[in-house]
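Reader: I'd like a close look at one part of this model before I set anything up. Could you take me through the helix at the start and what sits around it, then carry on from there?

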Amino acid sequence: MAKIKNSLVNVNPIRKLNKVLQLGNVQNNHPRVVTMYKNWTKIYRKFIHDRFRSASQGDGTWPSLSARTIARKKSALILIETRSLINAVDPELYNAPGSFARRNGNGLLVGYGGDIVHPTAAKNGRATSIAEVAEFHQAGSGKLPQRKIIVAPDRATIDLVAAEIGAATRDLIKEVGI
């Protein structure tokens with residue numbers, strides 16, 4: 001699970017939003033604020049999903065599969081066998097099995113969570129969750145190479161988040177008449 005920290009973005013839009021919330025006596029659970037955080041989650045998940053899709057196709061972001069693994073899977077696609085990991089970060093599948101997104105102060109925690117068993121683990125009689133499988137790949141260990149799925153957002157993603165915060169702030173200013 002990765003936290004999108006305020007230090008990664010220009011915090012001025014968040015500060016302005018908080019000031020509008022205070023001045024307008026608007027609660028943090030106002031529908032527009034809730035929508036803003038959902039959109040923020042979608043923006044970040046799109047970044048992660050697009051990166052995952054590209055990396056799984058061998059763009060060099062992740063180490064390639066071994067010849068033995070390719071022969072067993074009959075595919076060179078990386079971390080795609082059951083689609084559980086990529087689906088959990090799909091921005092269009094908001095509550096997909098294994099997905100996790102929660103507000104955390106002025107930021108978000110986005111990644112993998114829950115105890116839903118990964119399909120391959122279930123097929124093999126194990127109780128390893130989708131989140132645990134993601135953690136194994138995120139960290140790597142022994143013969144399992146590290147394949148980071150949850151990473152800091154790029155500049156374009158940060159700018160999209162800032163634009164969403166700005167739009168929410170403008171909407172709230174209009175609504176409360178500040």
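Author: Sure. The covering over the buried residues of α1 includes α2 (31-56) and α7 (155-176). Keep in mind that this is a predicted model.

Now for α1 itself. Helix α1 runs over residues 12-23, so 12 residues in all, and reaches 16 Å from its first C-alpha to its last, close to the 16 Å expected at 1.5 Å a residue. Which of its residues are buried? In α1, those are P13, I14, L17, V20 and L21. They sit on the same side of α1, because the arc they cover around the axis is only 120 degrees. As a general point, an α-helix has 3.6 residues a turn, so residues three or four places apart point the same way. Go round to the other side of α1 and you find R15, K16, K19, Q22 and L23 exposed. After α1 comes N25, and its phi is positive, near 50 degrees.

Next, follow the packing across to α7. The buried residues of α7 pack against α1 and α2. In α7 the buried set is T157, I158, V161, E164, I165, G166, A168, T169 and L172; note that E164 is one of them. As for length, the 22 residues of α7 should span 32 Å at 1.5 Å a residue, and the end C-alpha atoms are 32 Å apart, which agrees. Just after α7, G177 also takes a positive phi, of about 70 degrees.

Step back along the chain and you reach P145, in the loop between α6 and α7. P145 is partly exposed, at 27% relative accessible area. Leaving aside residues up to four places away in sequence, P145 touches P63, H137 and G140. Between the C-alpha atoms of P145 and T128, which are 17 residues apart along the chain, the separation is 18 Å.

One of those contacts, H137, leads to the largest pocket, where H137 is among the residues nearest the centre, together with T69, R72, L79 and L144. The lining has 27 residues, and the volume is about 780 Å³. Helices α3 (67-73), α4 (84-88), α5 (119-123) and α6 (130-139) each supply at least two lining residues, with α3 giving the most, 4 residues. If you care about the chemistry of that lining, the split is 10 nonpolar, 9 polar and 8 charged.

Key. Residues are numbered from 1 along each chain as its sequence is written. This is a predicted model: local features need pLDDT of at least 70, side-chain atom pairs count only at pLDDT 80 or more; totals for chains, interfaces and linings use all residues. Side-chain values use heavy atoms; hydrogens and water are left out. On a 1 Å grid over the protein atoms alone, a cavity is a set of points where a 1.4 Å probe fits but cannot get out, and a pocket is an open set with protein on both sides within 12 Å along at least five of seven lines; lining residues have an atom within 4 Å of a point. Grid points are joined across faces, edges and corners, and a volume is the space filled by probe spheres set on the points. Ala, Val, Leu, Ile, Met, Phe, Trp, Tyr, Cys and Pro count as nonpolar, Asp, Glu, Lys and Arg as charged, and the others, Gly among them, as polar. Buried means under 20% relative accessible area, exposed over 50%, partly exposed in between (1.4 Å probe, protein chains only). The arc is that of the directions from the helix axis to the C-beta atoms. Contact means heavy atoms within 4.5 Å.
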